[in-house]
Amino acid sequence: VINEVLPGKLYLGCRTHRGPKVMGRAARGLVDVFSVNCYDVRAGVHQLGGDVDMPVLVGEFHFGAVDRGVPSPGLRAVADQQQRGLAYAQYLASGLADRRIVGAHWFQWFDQPASGRGDRENHQVGFVDVTGRPHAEFVRGVASATAAMYPARAAGGSVEQVLAKLLKTSAEDLWRRGDPAPLGRPEVRPSPVQVSWRRGDPAPSSDGLRSGRLQSDGEETSR
């Protein structure tokens, strides 16, 4: 019927949110693209199974945090804004490594209001907060990952190899020796950072920081 009414048009199907594998099997041969929301740590299409070769469009995904803004992290939570950027890069890498996935849409541009939308949903999942201010750490992570996504897609490889290209590091450096691989869980270990503080303030915690030199009022101070 669709071919008769809309000849020569690309049919994306009826976007699904959750559903059994029978949905994917039923869509085979009837749609040009299988559209599905996938709120997981990786982009995947369990409805299709590994033996179905069909273009897939991820309709929605996101990662939220409650380190600022409204007190709901959405359907996939991580610790903070930096972790949101790393989780985004991992999700993107998983989509780029699966040749069936042709696109993924982030939900949504701005945080939802604390009072909630019509169904009371009030997630902190945006690129900007309710006043239009960007979540800078998250935005930087997304910008860095997406800048490398087309060469990474063309080069191919495993999820780990693609993620290494997006993070501009080697696959072996994605985790420290002895640590479990960060893939397959929502929180990815962030890189060590430099910390600065004003003289007289308490020194920042050394937890998670490597030995090195910290900055204090223009003077280098050894840990």
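The following paragraphs describe a strand sheet, a helix pair and two buried residues in a predicted model.

Residues are numbered from 1 along each chain as its sequence is written. Because the model is predicted, local features need pLDDT of at least 70 and side-chain atom pairs count only at pLDDT 80 or more, whereas totals for chains, interfaces and linings use all residues, and side-chain values use heavy atoms, with hydrogens and water left out.

We can begin with the sheet. Strands of a sheet pair through backbone hydrogen bonds, in either a parallel or an antiparallel manner. Here, 3 strands form an open sheet in the order β1-β2-β3, and the pairing is parallel. Strands are DSSP runs of E with at least two residues, helices are runs of H or I with at least four, and both are numbered from the N terminus; two strands pair if DSSP finds at least two bridges between them. The edges are held by β1 (34-36) and β3 (101-106), each with a single partner strand, so one side of each has no neighbour in the sheet. On average, neighbouring strands of this sheet are turned by 15° against each other, direction ignored. Strand β2 (residues 56-61) runs parallel to β3 and is joined to it by 4 bridges. The bridge partner of V58 in β3 is A104.

Next comes the helix pair. The axes of α3 (residues 81-97) and α6 (residues 159-166) come within 8 Å and cross at roughly 125°. Axes are lines fitted to C-alpha atoms, for helices over the stretch in contact, and angles run from 0 to 180 degrees between N-to-C directions. The two helices are therefore oblique to each other, a label for angles that are not under 35 degrees (roughly parallel), over 145 (roughly antiparallel) or 65 to 115 (roughly perpendicular). Residues A89, Q90, L92, A93, S94, L96 and A97 of α3 meet V159, V162, L163 and L166 of α6, where contact means heavy atoms within 4.5 Å. By class, this contact has 9 nonpolar, 2 polar and no charged residues; Ala, Val, Leu, Ile, Met, Phe, Trp, Tyr, Cys and Pro count as nonpolar, Asp, Glu, Lys and Arg as charged, and the others, Gly among them, as polar.

Two single residues complete the picture. T16 lies in the loop between α1 (2-5) and α2 (21-27) and, at 9% relative accessibility, counts as buried (under 20% relative accessible area, with exposed over 50% and partly exposed in between; 1.4 Å probe, protein chains only). Not counting residues up to four places away in sequence, T16 touches M23, F34, S35, V36, N37 and Q47. A27, in helix α2, is buried at 11% relative accessibility. With the same exclusion, A27 touches F34 and M54.
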